[in-house]
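Trainee: Could we go through this model together? I would like to hear the reasoning behind each label.

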Amino acid sequence: MCGIVGIVGLTPVNQSIYDALTVLQHRGQDAAGIVTIAEGKFKQRKANGLVKDVFATKHMQRLKGNIGIGHVRYPTAGSSSAAEAQPFYVNSPWGLALAHNGNLTNSVSLRESLIQSRRHINTTSDSEVLLNIFASELDKVSGNGLAADEIFNAVSKVHDMVTGAYAVVSLIIGHGLVAFRDPDGIRPLVLGSRKTESGELEYIVASESVGLDTIGFEVIRDVEPGEAVYITEDRQLFTKQCAKKTSLTPCIFEYVYLARPDSTLSGVSVYEARLEMGRKLGAKIKREWADLEIDAVIPVPETSNDIALQISSELGLPYRQGFVKNRYIGRTFIMPGQTQRRNSVRRKLNPIKAEFKDKAVLLVDDSIVRGTTSEQIVEMVRDAGAKKVYMASAAPQVCHPNVYGIDMPTAEELIAYNRTVEQINDCIGSDALIYQDLQDLKDAVKKQNPLIDDFEASVFDGKYVTGDIDDAYFAHLATLRSEDAKKIQEQKEEIASLEMHNED
């Protein structure tokens, strides 16, 4: 899961891209980057860190130009190397830069074919592979010109060769911005525009509609699965369906956890979807857990706040805010290491003891993935004096790895893997554990848009929409993760050795 944005404007776009990235920061806190075009050259700044820390005034002044793209990174295989911050670029043809949200599932074979065709891949990132695949197809265009249909033909070839999840924004020097989305529509991409004072249109594409709202753009529509959008440097808009077969199967975890509640994706308000999740889960509790004596419904902030509010309404029970959140700690789910996630929970949340003392409470969370956070929260609540602690999850059991851009690469990390609900309940230490049913979750999201074909819900049901996932692929992911962990440990040991040397 990453955040991407691309803007073609009438005036410099550096500030607008920066502002859009700050509201997409929840999609990736590991690294950030911006590339613009000015005077026929790329202007670039990217580094590890949050948006506010990566871009200083001197960097913003250097990012000149009326067209640009930006990216916030969340590593999908454990790697946090600064060399893999995006956007990436290649010098030929014309000069091409690209930022990508998602994960390619056939990147190994693609990488081998690129090497055989004498294209150099400098990092382990599948996004650089995708860039070179696109570049190699554009390179087949004859002459110095580049018409919209030729760009769309190149995107069609990319769709033919690539499998997995990908939402892309790219820049071609001397031509414009190209954006496209995978044929299954797994990762989101939104198209928008705004009128300048002179009445001319500027265009934007971004991962979520909130990236448009906050900088004065209006949503035109979602980029369709398999569709490509080409916006020339002089702001002419071209669109075309470039995939032979498409389906709208967005990642359902976007609505559960990943996206901001003020976003609308695939015609579905994330906020309204979460309210409906609460209604469905509240109805299940009322139907199947009527014997529970609950004094208050308390959300684990913040994604589950709206869900918990609806559950309390459905059950006719008081809604209480039982935790104070430290907003200067990152989202624990997307932190790159298990130890870092574990250590951050108590720094991130502090219980309000008066809301727990001598009470039976129903805690509501959006999901339970590794279980580490849930276990510590239940322990905190008991330490605060609760006599009973029940846990409700707005999502079903997360039993399977994700391969489309969310950091769940090994099943063994998932608390629900090969465990019953009763066993999970024992692991996290709660008095009762209630999960949302998968069909209820799908119905909650699809209610606003019946045209959605289905959802990419593999973390819950193990069904991978691209149809190319097997045990060998999971073994490959496990190897990558092990190698990344080894590199990180080696870096830590090297830093520790240097520190000891300096002390001596």
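**Reasoning from values to labels**

Mentor: Gladly; let us begin with a helix, where the elements that cover the buried residues of α10 include α9, β16 and β19. Keep in mind that this is a predicted model.

Trainee: Which residues of helix α10 are buried?

Mentor: In α10, residues 305–315, they are Asn305, Asp306, Ile307, Ala308, Gln310, Ile311 and Ser312. Just after α10 comes Gly316, with a positive phi near 70 degrees.

Trainee: Why is Leu177 called buried?

Mentor: Its relative accessible area is 0%, and buried means under 20%, so Leu177 is buried. Leu177 sits in strand β8, residues 176–181. Leaving aside neighbours within four places in sequence, Leu177 is in contact with residues including Gly6, Ile7, Val8, Val205, Val229 and Ile231.

Trainee: What separates the C-alpha atoms of Leu177 and Gly467?

Mentor: They are 31 Å from each other, with the two positions 290 residues apart along the chain.

Trainee: And why does Glu137 count as buried?

Mentor: The value for Glu137 is 10%. The cut-off is under 20%, so Glu137 is buried as well. Glu137 belongs to helix α5, residues 126–138. Not counting residues up to four places away in sequence, Glu137 touches Ala154, Lys157 and Met161.

Trainee: What makes strand β2 mostly covered?

Mentor: In β2, residues 31–38, 8 of its 8 residues are buried. Ala31, Gly33, Val35 and Ile37 point one way, Ala32, Ile34, Thr36 and Ala38 point the other way, and all are buried. The general background is that side chains in a regular strand alternate between the two faces of the sheet.

Trainee: How do you know that β2 pairs with β3?

Mentor: Pairing takes at least two bridges, and β2 and β3 (residues 41–48) have 8, in the antiparallel sense. One example is Val35, whose bridge partner in β3 is Gln44. The hairpin of these strands has 2 residues between them, and Glu39 there takes a positive phi near 55 degrees.

Trainee: What joins β2 to β4?

Mentor: There are 7 bridges between β2 and β4 (residues 67–73), and the two run antiparallel. Gly33 has His71 as its bridge partner in β4. With at least two bridges needed, β2 and β4 also count as paired.

Trainee: What makes β16 and β21 edge strands?

Mentor: Start with the sheet, an open one of 4 strands in the order β16-β19-β20-β21, with parallel pairing. β16 (296–299) and β21 each pair on one side only, and that makes them the edges. Neighbouring strands of this sheet are turned by 25 degrees against each other on average, direction ignored.

Trainee: How do you know that β20 and β21 pair?

Mentor: They share 4 bridges in the parallel sense, against a requirement of at least two. Ala392 stands opposite Ile434 in β21.

Trainee: Which residues show that both faces of β21 are covered?

Mentor: Ala432 and Ile434 on one side and Leu433 and Tyr435 on the other are all buried. Two helices lie across this region: α9 (residues 270–288) crosses β19, β20 and β21 at about 135 degrees to β21. Helix α13 (residues 421–428) lies across β20 and β21, at about 125 degrees to β21.

Trainee: Which residues have the most contacts inside the largest nonpolar core?

Mentor: Phe253, Met277, Leu362 and Phe460 do, in a core of 55 residues. Met277 touches Tyr255, Val256, Ile307, Gln436, Leu441, Ala444 and Val445, not counting residues up to four places away in sequence. Apart from that core lies another, of 32 residues, among them Phe88, Leu104, Leu110 and Val141.

Trainee: How many cavities of 30 Å³ or more are there?

Mentor: The count comes to 1. The space in the largest cavity is about 40 Å³, and residues lining that cavity include Arg181, Ile186, Pro188, Cys251, Glu254 and Tyr255.

Trainee: Last one: what makes helix α1 mostly covered?

Mentor: In α1, residues 14–23, 7 of its 10 residues are buried. They are Asn14, Ser16, Ile17, Tyr18, Ala20, Leu21 and Val23.

Terms used:
Residues are numbered from 1 along each chain as its sequence is written. This is a predicted model: local features need pLDDT of at least 70, side-chain atom pairs count only at pLDDT 80 or more; totals for chains, interfaces and linings use all residues. Side-chain values use heavy atoms; hydrogens and water are left out. Buried means under 20% relative accessible area, exposed over 50%, partly exposed in between (1.4 Å probe, protein chains only). Axes are lines fitted to C-alpha atoms, for helices over the stretch in contact, and angles run from 0 to 180 degrees between N-to-C directions. Contact means heavy atoms within 4.5 Å. A nonpolar core is a set of buried Ala, Val, Leu, Ile, Met, Phe, Trp, Tyr and Cys residues joined through side-chain atoms within 4.5 Å. On a 1 Å grid over the protein atoms alone, a cavity is a set of points where a 1.4 Å probe fits but cannot get out, and a pocket is an open set with protein on both sides within 12 Å along at least five of seven lines; lining residues have an atom within 4 Å of a point. Grid points are joined across faces, edges and corners, and a volume is the space filled by probe spheres set on the points.
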